[in-house]
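Please work through the exercises below with the sequence and the structure side by side, trying each task before reading its solution.

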Amino acid sequence: MKRASISLSALACLLTLIAGSSCVQQAQVAPAPAVVAPVVDAYELFVRSHSKYPATMAIYRNRELMKKATSSSPIYICLSQQRGRLYVDGQVAADWPVSTGTASRPTPTGSFRVLEKKRSYRSRTWGRMYSAEGRCVNSNADARRGIPEGARFVGANMPNWQRLTGSGIGMHTGKVRAGQRLSHGCIRTPGVMARELFSITSVGTHVTVTSGVESCYPSFHATSEQIEQAKLTAKKPATAAATPAPIASSPSESATVSQNQPTAAQQQPGANVHRYEAFPPVRF
């Protein structure tokens, strides 16, 4: 009985040693905490990447959101920024430059609906006045002042016309200059966006014109360092999949590895930035 008691005691000690060794090994191979890469929204990157924004001719277009755009997707025109924006699911799907009414003929603010759509349209108010001999005598003529006998009035060309008011205010393709108000009240839009908007909207689509930035405009939180890192990440060539970090032999070594070992999200170009298309500046 004495020998059996000694054997049981030795067995208990051996089991205790094995359990302790397992705990130590488990502590050594525990995975290091993942490093969370800064998440920068594509639209925020677009805005922050253009130092002169909003006074830029660059156009932002999120391909995935644009695929889901419908005639119910709201459009906002910001007069202070001279920018137009299309929202899908509460996010900016497109952002483009506009040129609205001048100080003497301002674009009215408020909530409007598209009342009429025409691919080809000419203004019945503003245009050019030609003499009987065919010479242009007024390149900014107002037809409401009357047409002299023998003269001919040709209304300004306004492709992709979308009427917003009964008095002749609407959105259409026209000459745009970044940050400048040039029109008689209409919302001039670069052709590439005017055509796309025309294909999305329908009679009844909401268009809101605001003097300041719309209340649903997103707020930005990324730091300058995060923006710069996102730019560099998006420009890096494709790399191989991330390799697992080596097993650390001590807790302190594990922390060091977690700080220096990039995660899969950090190694993949553009992983922190949603894909979007930015059209080059429009020249006129």
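The exercises that follow deal with confidence, sheets, salt bridges and burial.

The model is a predicted one, in which local features need pLDDT of at least 70 and side-chain atom pairs count only at pLDDT 80 or more, while totals for chains, interfaces and linings use all residues. Residues are numbered from 1 along each chain as its sequence is written, and side-chain values use heavy atoms, with hydrogens and water left out.

**Exercise 1. Confidence**

Task: state the average pLDDT of the chain, and find where pLDDT stays under 50.

Solution: Begin with the term itself, since pLDDT is the predictor's confidence in each residue, on a scale from 0 to 100. The chain averages a pLDDT of 80, and 69% of the residues score at least 70. Next, look at residues 240-275, over which pLDDT stays under 50. For this stretch the model has 50 contacts beyond four places in sequence, a contact being heavy atoms within 4.5 Å.

**Exercise 2. Two open sheets**

Task: give the strand order of the open sheet of four strands and of the open sheet of three strands, and name the edge strands of each.

Solution: First fix the terms: helices (H or I, at least four residues) and strands (E, at least two) are DSSP runs numbered from the N terminus, and two strands pair if DSSP finds at least two bridges between them. In general, strands of a sheet pair through backbone hydrogen bonds, either parallel or antiparallel.

The sheet of four strands is open, has the order β6-β10-β11-β12 and shows mixed pairing. Its edge strands are β6 (116-118) and β12 (187-189), each of which pairs on one side only. The twist averages 15° from one strand to the next, where axes are lines fitted to C-alpha atoms (for helices over the stretch in contact) and angles run from 0 to 180 degrees between N-to-C directions. Within this sheet, two bridges join the antiparallel strands β10 (residues 161-163) and β11 (residues 170-173), and Arg 163 stands opposite Gly 170 in β11.

The sheet of three strands is also open, with the order β8-β7-β9 and antiparallel pairing. Here β8 (136-142) and β9 (152-157) stand at the edges with a single partner strand each, so one side of each has no neighbour in the sheet. The twist in this sheet averages 40° from one strand to the next. Strand β7 (residues 122-130) runs antiparallel to β8 and is joined to it by four bridges, and Met 129 stands opposite Asn 138 in β8.

**Exercise 3. Salt bridges and their surroundings**

Task: describe the salt bridges of Lys 68, Arg 83 and Arg 144, saying for each partner whether it is buried or exposed.

Solution: Side chains of opposite charge can pair when their charged atoms come close. The criterion used is a side-chain nitrogen of Lys or Arg within 4 Å of a carboxyl oxygen of Asp or Glu, and a search of the whole structure finds 10 salt bridges. For accessibility, buried means under 20% relative accessible area, exposed over 50%, and partly exposed in between (1.4 Å probe, protein chains only).

Step one concerns Lys 68, which forms a salt bridge with Asp 89, the closest N and O atoms being 2.8 Å apart. Lys 68 lies in the loop between α3 (63-67) and β2 (75-78), and Asp 89 in the loop between β3 and β4, so the pair ties together parts that are 21 residues apart in sequence. Lys 68 is partly exposed at 47%, whereas Asp 89 is exposed at 55%.

Step two concerns Arg 83, whose side chain meets that of Asp 95 in a salt bridge (2.7 Å, N to O). Because Arg 83 lies in strand β3 and Asp 95 in strand β4, this pair ties together parts 12 residues apart in sequence. Arg 83 is buried, with a relative accessible area of 0%, and Asp 95 also counts as buried, at 0%.

Step three concerns Arg 144, which forms a salt bridge with Asp 142 at 3.0 Å between the closest N and O atoms. Arg 144 is exposed at 62%, while Asp 142 is buried at 11%. Finally, salt bridges that share partners join Arg 83, Arg 85, Asp 95 and Glu 214 into one network.

**Exercise 4. Burial in helices**

Task: find which residues Glu 44 touches, and which residues of α4 are buried.

Solution: Glu 44 is placed in helix α2 (residues 42-49) and is buried, with a relative accessible area of 6%. Leaving aside residues up to four places away in sequence, Glu 44 touches Phe 220, His 221, Ala 222 and Ile 227. In helix α4 (residues 191-200), seven of the 10 residues are buried, so this helix is largely enclosed by the rest of the structure. The buried residues in α4 are Gly 191, Met 193, Ala 194, Glu 196, Leu 197, Phe 198 and Ile 200.
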